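Reader: Please take me closely through one part of this structure, and then place that part in its surroundings. I would value a connected account that I can follow residue by residue.

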Amino acid sequence: MRRVGTVGGHTYEFPTLVELMAKATPLRSGDVLAGCAAESAAERVAAQTVLADLPLATFLDEQVVGYDEDDVTRLVLDTHDPVAFAPVASLTVGEFRDRLLAWAAAGDEAAISDLAPGLTPEMVAATSKLMRNADLVAVGRRTRVVTGLRSTLGLPGRLASRLQPNHPTDDPLGVTASIVDGLLQGCGDAVIGINPATDSPARTVALLQLVDEVIGRYGIPTQSCVLAHVTTTLRALEAGAPVDLVFQSVAGTQPANRGFGVTLDLLAEARAGALALGRGTVGSNVTYFETGQGSALSADAHRGIGGRPVDQQTLEARAYAVARHFDPLIVNTVVGFIGPEYLYDGKQVLRAGLEDHFCGKLLGLPMGVDVCYTNHAEVDEDDMDALMLLLGAAGCTFLIAVPGMDDVMLHYQSLAFSDVLTTRSVLGLRPAPEFEAWLARMDLLDDAGRVRELTADAPAARALLAAASA
Amino acid sequence: MSSALDAPLPPGDDPWAVLRAATRARVALGRAGDALPTARELEFRAAHAAARDAVHQPLDPALVRAQLPGVELVEVHSAAPDRATYLQRPDLGRQLAEGTELPRGDADLAVVVADGLSPRAVHEHAAGLVTALLERLPGWTVAPLVLAHQARVALGDAVGEALGARAVVVLIGERPGLSSADSLGVYLTWGPRPGRVDSERNCVSNVRPPHGLSYPQAADTVAALLGAARELGASGVVLKDEGPALPAGAG
């Protein structure tokens, strides 16, 4: 069947599903760089028009990346659940969008959330391409994904945070100072997660022990993670280190994952190792994944059927299929990190952050976002504010925060700890329940439940500051 | 760490100083409600503004020429016509603009000074580093210096090939960070031609006196790498393995 759409008197043809998906994608620099973007605004809408009439079930029969050559495609199709898919199996992509919005408006979280095992990344990506930003928020906030290890994440009315205490040389005291600063501002309920400056097993073990000691000493209901390569974490597990979470960056094609040095088997092995430690108290989700639009393109691993470039948003959704296979505690897109050749300006980053959250949630992931930017992108703090508040409204599982918006190790800007407080207070959101109770025990909350602005001689401040004094 | 955890709060007027002394991260900034206090907010903006301006300031050829009197200098442009295109199309920044002509010769070395992501780094450090490097290369024939606009590292491959040079060294403005808007990087490639990949290059980064590497330090390293590359007839990973160890921080 020929797929043609007419807009403004012009008829556009989309010979393959790969091209249809790419041309229906809202404009972003990465797709222009890859050579797959629509060549005009009219062609983009024509593609969206054709996509809206495509039966959702098409994606089970026709692939964007081939089944035989790519293990992500095989994972998606081999684990597809036709029973979960049944309620929407007869819909087109456009009808599916409408149905999701109707369920969201009615507050029917179960109808939306139970679909996850029946949805493929391509179905979800296609649907997002027809949605406005507000649609992505409205459905995202009604998609419920709850996970736990020592804190419970994803409950309604909650917004958690990753406390990211990076240091250019992994100095224990420097890392501890940033941890204390974050805890005093009510952050760290999703994870205290460090990007190590070097990927050595010994360094990873030392950092794991450091955070484990802080968590243990103050009885903090959260988990630690050192975001080393999965093979390094395997070595740390062998050494008996206190590993709460196995971390890995993942992407949406087999060659892109090969570029990251990971296979599905390796991830399964590491997950089994962490699970065997039994370190959870309220749940047993022991993996953490990061993703980001453009990662496959930057590794020249972005091609699909016929060698055609696949758009970066579809590939990003495919990365979520990898992540969900390993029952993660948390997943986040690092949305503005990769640079302006993939997401050029605030408009593109904002859109991508909302798409990623929506697609991840709909596929069943506990989705968070690193709201961030680099200095050569056309992005500033105001753009970040808009995205963080929209994500808060969208029911985002967690946001990443660093001291004063400035990551002094990775050299990019993320949110400040106080931005998490702003998002919570503006939108009436609270920390994870176990962490909120801990904040109260530490006398860090006022009578209204807000994180106090402390003087240094307050008992809680004294106790935590002691951790940073040597 | 347990002794540190147990330590009492040190006396002093500002107990938060404990945190500030432990890291360069922006800790203990205080709050205005649930936001940053005005002074801390403006400090951040000033750092971001310096980084933004470093990216968008145009490369000033007259300034570089004036800093290098007596050095023959040729200007080229990449295929990226403006800054916005350059930032979105790294592929165009690696190609020479159509119709670019360079004098083909038989030099040992071509040196390219490229704006990259920080023209400011070129204005502040390129002349000093070029001078220090040329002093360390007696016996090397060097092609006319090339000043490249809207350039990525790999533009040096096209320039080196066009000049007929056996090696190319690209001095390029690095992506500005909040605390380092003027950092210059150096990339060495033996046998330059389009299609060379990153693993075939050696890199010395963070040339930025007085905070980063000094010109003599960086020039010593690059000259040693060039000597080793000439012996081996190759650069990149192979050279790093067999050649002299890079100094700490030279990346």
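Author: Two strands are said to pair where DSSP finds at least two bridges between them. The model is a predicted one. The part chosen here is strand β3 of chain B, which covers residues 145–149.

The sheet comes before the strand. The strands of chain B form an open sheet of 6 in the order β1-β3-β2-β4-β5-β6, and their pairing is mixed. At its edges stand β1 and β6 (201–207) of chain B, each of which pairs on one side only. From one strand to the next, the twist averages 20°. In the order of the sheet, β3 of chain B thus lies between β1 and β2.

On one side, strand β1 (residues 73–77) of chain B pairs with β3(B) in the parallel sense, over 5 bridges. Two positions illustrate this pairing. Glu75(B) is opposite Leu147(B) of β3(B), and the bridge partner of Val76(B) in β3(B) is Ala148(B).

Strand β2 (residues 109–114) of chain B also runs parallel to β3(B), and 3 bridges join the two. Here Ala114(B) is opposite Ala148(B) of β3(B). Between β2(B) and β3(B) the chain passes through helix α7 (residues 119–135) of chain B, in a β-α-β crossover that is right-handed. Ala148(B) therefore has a counterpart in each neighbouring strand: Val76(B) as its bridge partner, and Ala114(B) opposite to it.

What, then, is the environment of β3(B)? A residue is called buried if 20 or more other C-beta atoms lie within 10 Å of its own. By this criterion 5 of the 5 residues of β3(B) are buried, so the strand is largely enclosed by the rest of the structure. In a regular strand the side chains alternate between the two faces of the sheet. In β3(B), Leu145(B), Leu147(B) and His149(B) point one way, whereas Val146(B) and Ala148(B) point the other way, and all are buried.

Helices also lie against the sheet. Helix α9 (residues 215–232) of chain B lies across β4, β5 and β6 of chain B and runs at about 10° to β5(B). The edge strands of this sheet, to return to them, are β1 and β6 of chain B. Helix α8 (residues 155–163) of chain B packs on the sheet, where it touches β1, β2, β3, β4 (167–173) and β5 (184–190) of chain B, and its direction makes about 140° with that of β2(B). The strand under discussion, β3(B), is thus one of those touched by α8 of chain B.

Elsewhere in chain B, Ala21(B) offers a contrast in burial. Ala21(B) belongs to helix α2 (residues 17–22) of chain B. With 15 other C-beta atoms within 10 Å, Ala21(B) is partly exposed.

Finally, chain B has a partner. In the contact between the chains, 42 residues of chain A meet 40 residues of chain B. On the side of chain A that touches chain B, the elements giving two or more residues are α2 (29–34), α11 (172–184), α12 (201–218), α20 (417–427) and α22 (459–467) of chain A. Of these, α11(A) gives the most, with 8 residues. By class, that side of chain A has 20 nonpolar, 14 polar and 8 charged residues.

Conventions: Residues numbered from 1 in each chain as written. Chains lettered and ligands numbered in written order. Predicted model: local features only at pLDDT ≥ 70, side-chain atom pairs only at ≥ 80, totals over all residues. Buried ≥ 20, exposed ≤ 12 C-beta atoms within 10 Å, placed from the backbone. Helix = DSSP H or I, 4+ residues; strand = E, 2+ residues; numbered from the N terminus. Right-handed = clockwise from strand over helix to strand, strands pointing away. Contact = placed C-beta atoms within 7 Å. Nonpolar A, V, L, I, M, F, W, Y, C, P; charged D, E, K, R; others polar. Axes fitted to C-alpha atoms, helices over the stretch in contact; angles between N-to-C directions.
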